[in-house]
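Biologist: Could you take me through one part of this protein in detail? I would like a close look at how its helices pack, and then at what lies around the ligands.

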Amino acid sequence: MTIMFDRTPEGDIISDQHLIARVLSEALSYINYLKGKILVFKLGGSMLEHQQEVLQDIIWLHQLGALPVLVHGGGPYINEWLTKLNIPTRFLDGLRVTDAETLEVVRMVLRGQVNQRLVLMLSQMGGKAIGLCGTDGDMVQAHIADERLGYVGEVESVDPASIQGLLEQGFIPVIAPLGQGPDGTCLNINADLVAAHLAGALNAEKLIFLSNVIGICRADGTRISELSDAEARRLIDEGVISGGMIPKVSACLDALAAVPRVHIVDGREPHVLLRELCTDQGAGTMIIR
Ligand SMILES: Nc1ncnc2c1ncn2[C@@H]1O[C@H](COP(=O)(O)OP(=O)(O)O)[C@@H](O)[C@H]1O
Ligand SMILES: CC(=O)N[C@@H](CCC(=O)OP(=O)(O)O)C(=O)O
């Protein structure tokens, strides 16, 4: 093996082997800490075309002893199908206005396509995954909170028993964001909100949102590395945080009551999860109280 040399800022000579040992020792302490910890990942529909590396990181984290739970979105895929079927698409503050016809498409795409595709990919990559949606095992109970949105659910409660059972059996649960209404109807719920409630119900160690942005950005496009509750509300009022980022930030703030660490990271970045969870340098935006 050829050994390369470099210098520290102080001018000391270091070799590749020293660097590898340094990286490994840093990573090993994080890996030790993550063993047995529940990590909830929300995979945004906007980053799903970059899912391969994210799923690889998730499988490695599972093999190293962490307990990953995946909640996925799929907004862009639902939009595509609605366009194909000539059904108009409309959002209010980042939430899809869902009539009966739209709900059928949402159910078909989220459960039938996106969820199944993720489970198959995880399985092909050597992971042991099970796909389910919020209506399975009476997991997510919801009600309609805003009549203008139609069949859109606001989460009332989450029963984490089925997910805990799957984790104990060594599975990676993959969850589509649908919930059960009071009269047994199916409701469309934004995946950010399902992820936040589930992370709380599971007492997760971390909740990480993977999206298609470098984090939450200021009006000038630069990344905010830490964002507090008050600052987030101000940025929403000023319109700097808009569209799909509104439910994400609201979900982060809700989750903070129960989950110690909530992050938004760029799912398009190679191995962003290993960097976020196993090195000293965090990526994206961390939400704080
Ligand atoms: N202040 C902001 N910082 C970053 N992204 C923002 C901001 N305000 C609005 N957005 C938009 O939010 C989008 C992410 O939300 P969304 O499209 O729902 O993603 P996902 O499918 O990952 O949930 C970004 O692609 C961006 O266009
Ligand atoms: C009520 C509501 O907005 N539901 C979302 C559910 C999917 C989702 O959340 O997808 P992303 O994570 O890709 O945004 C929708 O219909 O698009």
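Modeller: Happy to. Let's begin with helix α7 (residues 229-237) and helix α8 (residues 245-255), whose axes in this predicted model come within 11 Å of each other and cross at roughly 160 degrees. An angle over 145 degrees counts as roughly antiparallel, and that is why α7 is described as roughly antiparallel to α8. The crossing of these two helices is left-handed. On the α7 side the contact is made by Asp-229, Ala-232 and Ile-236, and on the α8 side by Ile-246, Val-249 and Leu-253. Sorted by class, this contact has 5 nonpolar residues, 1 charged residue and no polar ones.

Helix α8 has a second partner to look at. Helix α6 (residues 191-201) packs with α8 at an angle of about 10 degrees, and their axes are 8 Å apart. Angles under 35 degrees count as roughly parallel, so α6 is roughly parallel to α8. From α6, the residues in contact are Asp-192, Leu-193, Ala-195, Ala-196, Ala-199 and Gly-200. They meet Pro-247, Lys-248, Ala-251, Cys-252, Asp-254 and Ala-255 of α8. In this contact you will find 8 nonpolar, 1 polar and 3 charged residues.

Another helix pair is α3 (75-84) with helix α4 (residues 100-124). Their axes come within 9 Å and cross at roughly 130 degrees, which means that α3 is oblique to α4. This crossing is right-handed. If you would like to pick out the side chains on screen, look for Tyr-77, Ile-78, Trp-81 and Leu-82 in α3. Their partners in α4 are Thr-102, Val-105, Val-106, Val-109, Gln-113 and Val-114. By class, the contact of α3 with α4 has 8 nonpolar residues and 2 polar ones, with no charged residue.

Helix α3 also leads us to the ligands. Ligand 2 is surrounded by 17 residues, the closest being Gly-45, Gly-73, Gly-75, Arg-96 and Ala-191. The elements giving two or more residues to this shell are α3 and β6 (95-96). The shell around ligand 2 divides into 9 polar, 7 nonpolar and 1 charged residues.

It is worth setting that beside the UniProt record. Under "binding site", an unreviewed UniProt entry lists Gly-74, Gly-75, Arg-96 and Asn-188. These positions are spread over 115 residues of sequence, yet they cluster in space, with a largest C-alpha distance of 11.7 Å. Two of the listed residues, Gly-75 and Arg-96, are also among the closest residues around ligand 2. Gly-74 sits in the loop between β4 (67-72) and α3.

Now for ligand 1. Its shell has 18 residues, and the closest are Gly-44, Ser-46, Ser-211, Gly-244 and Met-245. Of the residues in that shell, 10 are polar, 7 are nonpolar and 1 is charged. Met-245, one of the closest to ligand 1, lies within the residue range of helix α8 (residues 245-255), the helix that we met at the start.

Finally, a word on the wider setting. The unreviewed UniProt entry annotates residues 37-266 as "domain: Aspartate/glutamate/uridylate kinase". In the model, that span is 38% helix and 25% strand, and its end C-alpha atoms lie 22 Å apart.

Definitions and conventions. Residues numbered from 1 in each chain as written. Chains lettered and ligands numbered in written order. Predicted model: local features only at pLDDT ≥ 70, side-chain atom pairs only at ≥ 80, totals over all residues. Near = placed C-beta within 6 Å. Helix = DSSP H or I, 4+ residues; strand = E, 2+ residues; numbered from the N terminus. Nonpolar A, V, L, I, M, F, W, Y, C, P; charged D, E, K, R; others polar. Axes fitted to C-alpha atoms, helices over the stretch in contact; angles between N-to-C directions. Parallel < 35°, antiparallel > 145°, perpendicular 65-115°, else oblique. Left-handed = near helix turned anticlockwise from the far one by under 90°. Contact = placed C-beta atoms within 7 Å. UniProt positions renumbered as here; feature names shortened; annotations may be inferred.
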